[in-house]
Amino acid sequence: MKVDKETLQKIAHLARLEVRPEEEAELLNSLNGVLNWMEQLNEVDTTGVEPLMHISPDLNVLRDDAVANHLPRAQALANAPQHDETFFQVPKVME
Amino acid sequence: MVAAVAPGSEVSTEYEAVIGLEVHCQLLTESKIFAADANIFGSEPNTNVSVITLAHPGTLPKLNRKAVEYAIRMGLACGCDITRFNVFARKNYFYPDLPKGYQLSQDKTPICVGGRIRVKLKDENGKPTLERDVQIHHIHLEEDAGKSIHDEGTSTNLDYNRAGTPLIEMVTEPCIQSAEEAGQYLTEVRKLVRYLGICDGNMEEGSLRCDVNLSIRPKGATHLGTKVEVKNLNSIRNVQRAVEAEFKRQVETTQAGEPIRQQTRTFDANTGLTHAMREKETMNDYRYFPDPDLAPLVVSDEWLSAIESSMPALPAAVFQKLTTHYGLPEYDATQLSDARELVEYFEAVCAETPNYKAVSNWLMGPVRAQLTDRALRERQFPVSAGQLASLITLIDTGTVSQTAAQTIFGLLIENPEATPTDLAKAHGLEQNRNTDALQTLVSEVLAAWPDKVAQYQKGKKNLLGLFVGEVMKKSKGSADPKLVNQLIVNELSK
């Protein structure tokens with residue numbers, strides 16, 4: 001697989017990153033380097049090997065259904081760049 | 001309206017609708033799916049939030065055991081296979097109501113796979129005798145997003161109380177063929193989640209939500225057309241209207257020679273039309289990957305059978321019990337098994353009176369009417385099962401008439417502490433069953449109508465009604481008509 005300019009701009013857009021034209025060549029080089037390196041894995045024969053879906057050593061880390069740990073609203077809002085006494089606020093978004 | 005229907009039915013002989021539904025159910029847990037904030041509707045904005053919900057750096061989600069059990073209940077009720085090894089996935093997109101920049105969901109390992117829900121459809125005579133199974137593709141667990149409020153000022157306000165509410169998303173196969181079937185499916189889903197006690201099924205408050213995927217194809221074709229998703233459907237009726245409107249739009253677009261665009265559309269309940277919201281992004285754009293913060297979830301045999309044995313009775317089993325154990329007609333059983341609370345109330349009343357059919361009549365009639373009027377859920381109904389049972393006993397023993405019982409029922413709602421017997425006494429609603437007093441009235445009436453008495457004795461037996469009516473009048477309606485009837489017959493046959 002090879003990343004082209006179009007794919008680069010698409011994934012940059014999905015990540016809400018702005019990529020200037022003069023940065024494209026270096027980013028393409030770097031991303032393709034990573035992919036090429038990973039492609040070495042294709043040389044391994046994985047016949048009969050279960051796909052690894054998760055690397056966690058733990059299973060079933062569950063909590064009981066109980067209410068706790070609320071943040072007071074004023075404290076919850078305090079770190080937001082924009083808020084009033086009730087709501088977090090962002091520039092107007094409409095679908 | 002007739003003119004609008006005619007071309008529609010012409011059209012539908014050429015094209016058929018292929019419909020899939022995505023239903024989201026908010027689970028009735030106390031706390032959220034990955035954090036301990038309260039899961040309650042209607043709190044003050046941003047009061048049910050925690051550092052996990054707000055996605056503060058360094059915080060870790062932890063899965064709510066009950067949310068898993070509720071999802072499995074639904075899967076078992078629908079005959080799904082339960083996935084034993086689950087991983088949660090990040091669904092990545094940016095929107096201000098999503099604090100982390102991704103939604104925790106399931107992708108490769110939905111907790112329930114396959115399964116079906118049986119729906120009843122009307123035959124050509126309008127009777128619900130046709131049965132179809134709506135096939136379920138899968139059910140997965142995920143978290144709800146917060147709520148954006150757009151209608152004030154220059155900014156969008158955000159309330160994160162809803163963020164992290166546990167959801168199951170049920171996705172059907174594209175196997176639904178009509179608005180009626182879509183509506184019946186939703187009705188059954190709502191009934192099931194309420195029976196299972198996992199969701200309150202309130203579409204207006206958004207605890208049950210439905211998106212429609214619809215495409216059309218020439219009748220009999222096997223390929224699938226371009227799919228359009230319709231959102232913003234807050235009632236079963238509106239889901240059905242949206243299906244009809246979108247089917248018509250796609251047929252008309254196709255007949256005009258234009259392509260169907262892959263879109264997300266919104267339904268406007270005022271106009272009954274759908275409008276384009278956005279062009280659909282492709283699936284891969286969500287860039288799902290396993291969430292490294294949540295350990296995999298394994299459902300053991302022991303856990304699964306514990307959940308299975310804690311399952312409440314399902315609507316089909318309840319229907320069966322109503323028709324066999326209680327001997328109710330199918331119509332009654334259908335009406336009562338509509339809501340678990342109604343059935344529980346029915347069984348509680350039947351524990352105290354053997355007249356099951358009378359209980360059913362009261363529930364389908366006055367009790368239901370009161371529930372609708374007062375928008376009360378059955379469990380909050382002020383008249384207790386014991387009170388209704390003793391009211392029914394009062395009628396069965398002839399102590400009060402049907403009419404008086406209706407009055408007493410109304411009084412009971414206003415005075416939930418009173419007993420039916422006290423109310424009957426206090427309001428003079430008991431039937432006069434004093435045989436001596438009634439005998440006097442009977443004699444008076446028969447003496448006043450000698451010619452009618454003679455006619456009766458010559459065989460004009462339908463005059464009995466006249467005599468009974470006259471005695472009832474004299475008693476000012478308080479006499480027990482059955483007893484009066486009997487006294488008159490006795491008197492005339494002397």
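How many residue pairs are in polar contact between chain B and chain A, with both residues at pLDDT 80 or more? The count is 27. This report describes the interface of the two chains in a predicted model.

## Extent of the interface

On chain B, 57 residues are in contact with chain A, where 36 residues take part. The size of an interface is often given as the accessible area lost when the parts come together. Between chain B and chain A, the buried area is about 4000 Å². Carbon and sulfur atoms give 58% of that area.

## Polar and charged links

In addition to the 27 residue pairs in polar contact, 3 salt bridges are found across the interface of chain B and chain A. One of the salt bridges joins the side chains of A:Lys10 and B:Asp285, with an N to O distance of 3.2 Å.

## The side of chain B that touches chain A

Several elements of chain B each supply at least two residues to the side that touches chain A: strand 2 (63–64), helix 2 (65–77), strand 11 (155–159), strand 16 (273–279) and strand 18 (297–298). The most comes from strand 11, which gives 5 residues. Sorted by class, this side of chain B holds 27 nonpolar, 15 polar and 15 charged residues.

## Strand pairing between the chains

Strand 2 of chain B, one of the elements named above, also pairs with a strand of chain A. The partner is strand 1 of chain A (residues 62–63), and the two run in the parallel sense over 2 bridges. Within this pairing, B:Leu63 of strand 2 stands opposite A:Leu62.

Notes: Residues numbered from 1 in each chain as written. Chains lettered and ligands numbered in written order. Predicted model: local features only at pLDDT ≥ 70, side-chain atom pairs only at ≥ 80, totals over all residues. Heavy atoms only, no water. Contact = heavy atoms within 4.5 Å. Buried area = accessible area lost by both parts, 1.4 Å probe. Salt bridge = Lys/Arg side-chain N within 4 Å of Asp/Glu carboxyl O. Polar contact = N/O pair within 3.5 Å; in protein donor to acceptor, adjacent residues only side chain to side chain. Helix = DSSP H or I, 4+ residues; strand = E, 2+ residues; numbered from the N terminus. Nonpolar A, V, L, I, M, F, W, Y, C, P; charged D, E, K, R; others polar. Pairing = 2+ DSSP bridges.
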